[in-house]
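Visitor: I should like to examine the terms used for this model and the values behind them. Please set each value against its definition.

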Amino acid sequence: MTAYAIAHIGPGPINDEVLTYVERIQGTLDPFGGRFLVHFKEHEVLEGSWHGAPVVVAFPDLASAREWYASPAYQEIIPLRTKYLPGDIILVDGVPEDYDPAQTAARIRESQS
């Protein structure tokens, strides 16, 4: 099942090191089947606050996403970004195409009774 790395990258200076990170990140994703779905695009905040940039990367599965994040190639470039741009990153499994949120609610209701 498709898994996602979702990042909320905080505001900060875009300098040569950050640009080097951006230039090199795709090379760290390729061996794990990672591809950008969202990368530093304009966004509209509908609830709450969101300062910074959204990033979403799809992977074939959660194991591939974990392997990418732990890979020496990615670990090598992380400081190029984190030194200047704070961020929160999560890995999460997607849902199947036939996902029905009402069924999830029913399971939760059943478990609470």
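Visitor: Why is Ser64 called buried?

Guide: Ser64 has a relative accessibility of 13%. Buried means under 20% relative accessible area, exposed over 50% and partly exposed in between, with a 1.4 Å probe and protein chains only; Ser64 therefore counts as buried. The model is a predicted one, in which local features need pLDDT of at least 70 and side-chain atom pairs count only at pLDDT 80 or more, while totals for chains, interfaces and linings use all residues. Residues are numbered from 1 along each chain as its sequence is written, and side-chain values use heavy atoms, with hydrogens and water left out.

Visitor: Where does Ser64 lie, and which residues is Ser64 in contact with, leaving aside its neighbours within four places in sequence?

Guide: Ser64 belongs to helix α2, residues 62-70. Helices (H or I, at least four residues) and strands (E, at least two) are DSSP runs, numbered from the N terminus. With those neighbours set aside, Ser64 touches Phe32 and Phe59, contact meaning heavy atoms within 4.5 Å.

Visitor: What makes Phe40 partly exposed?

Guide: The relative accessibility of Phe40 is 39%, so Phe40 falls in the class between buried and exposed. Phe40 is located in the loop between β2 (35-39) and β3 (53-59). Its phi is near 50°, a positive value in a residue other than glycine. Most residues other than glycine have a negative phi.

Visitor: Which residues form a nonpolar patch on the surface with Ile90?

Guide: Ile6 and Val92 join Ile90 in that patch, and together the three have about 210 Å² of accessible area, as given by the Shrake-Rupley method with a 1.4 Å probe, where for residues only the protein chains shown count as cover. Patch members need over 30% relative accessible area and no salt bridge (a side-chain nitrogen of Lys or Arg within 4 Å of a carboxyl oxygen of Asp or Glu); nonpolar side chains (Val, Leu, Ile, Met, Phe, Trp, Tyr) are joined within 5 Å, and like charges within 9 Å. Ile90, in strand β4 (residues 87-93), has a relative accessible area of 47% and is therefore partly exposed.

Visitor: How do you know that the chain is more spread out than a compact globule?

Guide: The elements run β-α-β-β-α-α-β-α from the N terminus on. The radius of gyration, taken over C-alpha atoms, is 17 Å, well over the 13 Å that the globule rule gives for 113 residues, so the chain is more spread out than a compact globule. That rule is 2.2 Å times the number of residues to the power 0.38. Of the 113 residues, 27% count as buried.
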